Number of protein chains: 2
Amino acid sequence: MIRIPFHEVQKTIESAFLKAGLASEIAATCARIHAETSQDGVYSHGLNRVEKFVDYVQQGWVNPSAKPSLVFQLGNLETYDGHLGPGITNALFAMDRAMELAREMGLGLVSLRNTTHWMRGGSYGWHAAEKGFMSLCWTNTESCMPAWGAQSAGIGNNPFVMAIPRKEGHVVLDMAMSQYSYGKLEITRLKEEELPYPGGFNAAGELTSIPAEIEESRRILPTGYWKGSSLAVMLDLFAGILSQGNTTASVDKAGYGNCGACSQVFIAIDPMKITNQTFIDQALEATIAQLHNSQPAEKGTQIQYPGERSLRTRKENQALGVPVHEAVWERVKGLAGLK
Amino acid sequence: MIRIPFHEVQKTIESAFLKAGLASEIAATCARIHAETSQDGVYSHGLNRVEKFVDYVQQGWVNPSAKPSLVFQLGNLETYDGHLGPGITNALFAMDRAMELAREMGLGLVSLRNTTHWMRGGSYGWHAAEKGFMSLCWTNTESCMPAWGAQSAGIGNNPFVMAIPRKEGHVVLDMAMSQYSYGKLEITRLKEEELPYPGGFNAAGELTSIPAEIEESRRILPTGYWKGSSLAVMLDLFAGILSQGNTTASVDKAGYGNCGACSQVFIAIDPMKITNQTFIDQALEATIAQLHNSQPAEKGTQIQYPGERSLRTRKENQALGVPVHEAVWERVKGLAGLK
């Protein structure tokens, strides 16, 4: 791992995206989100996904010039077709639109169909929080996880995001419905370590913490066993029905790769339409104090609120540079024509 | 365990509630929900909670004659104060109101503060589904679980519900943020069994499947470790802020017992305003088929959709009678003046 200044990471990704045929504004936005994702410590969905995104554009699985079009509107409920445009700009568009509705009506729900991989789901929660909005959003995916009790993959890991704006650091949850991502399994295997808790089943059908065994069986574990499995199914059905788009079962058949033609939901709420800053501050600070003051299981640690670790990583990487795998960095520089 | 016909369970609970001072209509509704909860197999929150509810009324922690009053309204966003009225009738009122808003505007969000224990959260998802609405709802609670990494309880288990209407059986998820309830620990201990997966930490700080060890340490496990812990925090903050009510930190101080003065959120969506029955049927049936056709880990089993098991239990208990603990049943009959 080497560290590269944020600006250089962003500019390099932007050049790669321009070379891939993205229009300048779209290339800049997508590059910013990828670079911010790495900067926040979510390395699997930042710089590391650039090559795959470029490949998807080349395969025709992402249409770099498609823009979302309105297909349904009723009050503060809207549905857009993403026409396989870039997942990042489609998702930002949808969250922005939900915020516009919420600015007027307190609440906005925008669903999006036929979109593509949004990279880190948390990006849209952070984005809304930055603008002062509370938000929920989620996506479905192709089948990448066996439902609880199953051997074969039949459900998505369907990341789910909730976020609340807060001056001293937004409160942001970004959770996929698998206990670990395949990215985490790979990183752990490469370090020759075990997972801290079982992350799937081995070929013999036993829970295991050894990443290679799960990568082989493809039986990754739903978070909370039956609970994450059922929540994944519900998020999928809500996304598909609300957007009149694909559910996981039809994303599987779409043939546009990872999350190609998937469905998403974006809900924004303007808390200042409902209550006031003093009330919100008190609620947030009382809850964060209760977490911070909990007796830790491990001496010398402190319980964190959702989003606290990302913010600390961000600040560290802003100061020291964004950690990148040297080989990945060289290949992205290659895509950017910088070698 | 003995089996008692549903009608007799319901009528007996209703008599107990009338004797406790509930008005006839409220007693009938609360009794129906308790009886249906037991009938659906959620024994911890049905007949088994009747004595505790009556006790709460006697303590003055539940005001049997309080009705929700509107405190905020903007378009399809409304907030009510529950004035410590019965949690069941308050929650049904809020979900009914969310459905009325959705009937007009496609979408309705009702938040409710100062309410009391709603018993089984799933009741409100089933209720909305029965009327043709998709729904999400959740509640906060007092601190009953240590956050991930903590020894002392600082967060609620904050049950979360999502439901979709379906002719052949609604699709309903009802999940608390703990891996198991204390009720499940007790039942498992009484059977002298172990939990199928670790449900908390023992006094030595190790994960354990032995219920008594967790009951002693009070270190029940958040579902999915850090994931369920963070989701509980977000659900709590959303409920408190949207209702301008208590978060878990202030429910802890309210002094009205389990879930006294808690906050809840009810979101209803009218899917027929957005799409049509054919599309919904196809999405549901494709997803359910994908689950049913997954290769099971255990031969001879079939993967179920969320809500499928409740429906099967309901039908079985409708045919054979509702299983009740004889001692509990005798005590409730006592409260009803039937002994």
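How many residues of chain A are in contact with chain B? In this predicted model, where local features need pLDDT of at least 70, side-chain atom pairs count only at pLDDT 80 or more, and totals for chains, interfaces and linings use all residues, 65 residues of chain A are in contact with 65 residues of chain B. Residues are numbered from 1 along each chain as its sequence is written, while chains are lettered from A and ligands numbered from 1 in the order in which they are written. Two residues count as in contact if their C-beta atoms, placed from the backbone, lie within 7 Å.

On the side of chain A that touches chain B, the largest share, twelve residues, comes from helix H8 (residues 226-243) of chain A. Helices (H or I, at least four residues) and strands (E, at least two) are DSSP runs, numbered from the N terminus. By class, this side of chain A has 38 nonpolar, 24 polar and three charged residues; Ala, Val, Leu, Ile, Met, Phe, Trp, Tyr, Cys and Pro count as nonpolar, Asp, Glu, Lys and Arg as charged, and the others, Gly among them, as polar.

How the two copies are related comes next. A turn of 180° and a shift of 0.0 Å along the axis lay chain A on chain B with an RMSD of 0.0 Å, after least-squares superposition on the C-alpha atoms of residues with pLDDT of at least 70 in both. This is the relation of a two-fold axis. The C-alpha of A:Gly224 is the one in chain A nearest the axis, 2.0 Å from it. Both copies use the same surface, as 100% of the contact residues of chain A recur in chain B.

Within chain A, helix H3 (residues 50-59) has A:Val50, A:Phe53, A:Val54 and A:Tyr56 as its buried residues. A residue is buried if 20 or more other C-beta atoms lie within 10 Å of its own, exposed if 12 or fewer, and partly exposed in between, with C-beta atoms placed from the backbone. The buried residues of H3(A) lie on the same side of the helix because they cover an arc of only 155° around the axis, taken from the directions from the helix axis to the C-beta atoms. They pack against helix H1 (6-19), helix H2 (24-39) and helix H13 (326-335) of chain A. On the other side of H3(A), A:Lys52, A:Gln58 and A:Gln59 are exposed. Just after H3(A) comes A:Gly60, with a positive phi of about 85°.
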